[in-house]
Amino acid sequence: MSAEEHSSGGGTVEYIQHHLTNLCVGDCDPVTHKAVGFWALHVDTLFFSVMLGMVIILTSWRLGRSLSLDAPSGFQNFVESIIEFVQGQVKDTFPGHNPIIAPLALTIFVWVWLMNFMDLIPVDLLPLLAGAVGVNHLKAVPTTDLNTTMAMSLTVFGLILFYNIKIKGPVGYMKVFLFHPFGKFFIPVNIVMTLIEELAKPLSLGLRLFGNLFAGELVFLLIALIGGTLVVGALGYLFWFPLQVVLDLGWLIFHLLVITLQAFIFMVLTLVYLGMAHVEDH
Amino acid sequence: MIGVGTILTSMIVAGFLLGYAVDSWLDSRPIFMLVFAGLGAVGGFLKVYKLLSRDI
């Protein structure tokens, strides 16, 4: 009867929800595994983001010891091309002089790209491996967790505030709030408008990255479901499985562009916002 | 510029959030929420217009 249909439909939803649930430790709901309090830690997000950060540090440390001027290795050339690319972006978009900006941009670009890249690992592989050692929930892509993206964008927001106050001075920064869009006769409106504008910066940074990667992950999950739920009988595999492979490959290649673009946008917008903070006069 | 689309949306959302905060402070929902969202939309359109006309 419909019990079977229901269970297969429920299985689909359950599959997706299971894959989109973080491994929550602390103030978590025991049934849904969603955070209910402040001290709810998404251990998988923390683990993978810190691990990828360590990968960057270790790789650059090892590369730094074996740098060669005369005969650079292929990997050194590759890293140099990334650094030159980021350096070019900083020179193009950043007006002031600040030695922190270029390393910050490079870190954001590489780190966000690596975290996004976790999306291209087959969706079932890491949860399956984790399940084998007794971990029930695992979301491997740190940037599909709103906590990661908002943490990064709020850090950038903190830097924006810091440099605004440092370069323009507290009074100069206040003046931006008072007189910015409409001149001195609309001071209350100006305050609200500038507040909204400033608040929109971290929001757009964090939500854009999260939204794009979350949607990408969801599409991967849906493609993975083709072979799982639509197949009826052994013959079904002959049709559905090749379709799944083709779709997955297509989306993977497209997604490779998306993750690079998103990492790039995050970096460029950080540069633009910090550049706006470094401009003395409006 | 790349981020034009999201600037508009996020400014409206930021307006909503700010209005929501002011409302729960003054206990006057939904006045400020709507007004600030409207302001956010106006500011967003202005911003987009400025960004798009600057590069030409």
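Trainee: How many residues of each class line the second largest cavity?

Mentor: Nine nonpolar, one polar and two charged. Pro counts as nonpolar beside Ala, Val, Leu, Ile, Met, Phe, Trp, Tyr and Cys; Asp, Glu, Lys and Arg are charged; the others are polar. The model is predicted, with local features needing pLDDT of at least 70, side-chain atom pairs 80 or more, and totals for chains, interfaces and linings using all residues. Residues are numbered from 1 along each chain, chains are lettered from A and ligands numbered from 1 as written, and side-chain values use heavy atoms, without hydrogens or water.

Trainee: Which residues line the second largest cavity?

Mentor: Rolling a water-sized probe over the atoms shows where empty space is left. Here the lining includes His19(A), Met118(A), Asp119(A), Pro122(A), Leu138(A) and Glu217(A). A cavity is a set of points on a 1 Å grid over the protein atoms where a 1.4 Å probe fits but cannot get out; lining residues have an atom within 4 Å of a point.

Trainee: Which residues touch the most other members of the largest nonpolar core?

Mentor: In soluble globular proteins, nonpolar side chains tend to be buried together. This core has 47 residues. Met118(A), also in the cavity lining, touches the most other members along with Tyr15(A), Val90(A), Phe266(A) and Met267(A). Core members are buried (under 20% relative accessible area, 1.4 Å probe, protein chains only) and joined through side-chain atoms within 4.5 Å.

Trainee: What does Met267(A) touch?

Mentor: Val86(A), Gln89(A), Ala105(A), Ile108(A) and Phe109(A), leaving out residues up to four places away in sequence. Contact means heavy atoms within 4.5 Å. A second, separate core of 15 residues includes Ala200(A), Leu203(A), Val22(B) and Leu51(B).

Trainee: How many residues does each chain give to the contact?

Mentor: Chain A gives 18 residues and chain B gives 18.

How values were computed
Buried means under 20% relative accessible area, exposed over 50%, partly exposed in between (1.4 Å probe, protein chains only). On a 1 Å grid over the protein atoms alone, a cavity is a set of points where a 1.4 Å probe fits but cannot get out, and a pocket is an open set with protein on both sides within 12 Å along at least five of seven lines; lining residues have an atom within 4 Å of a point.
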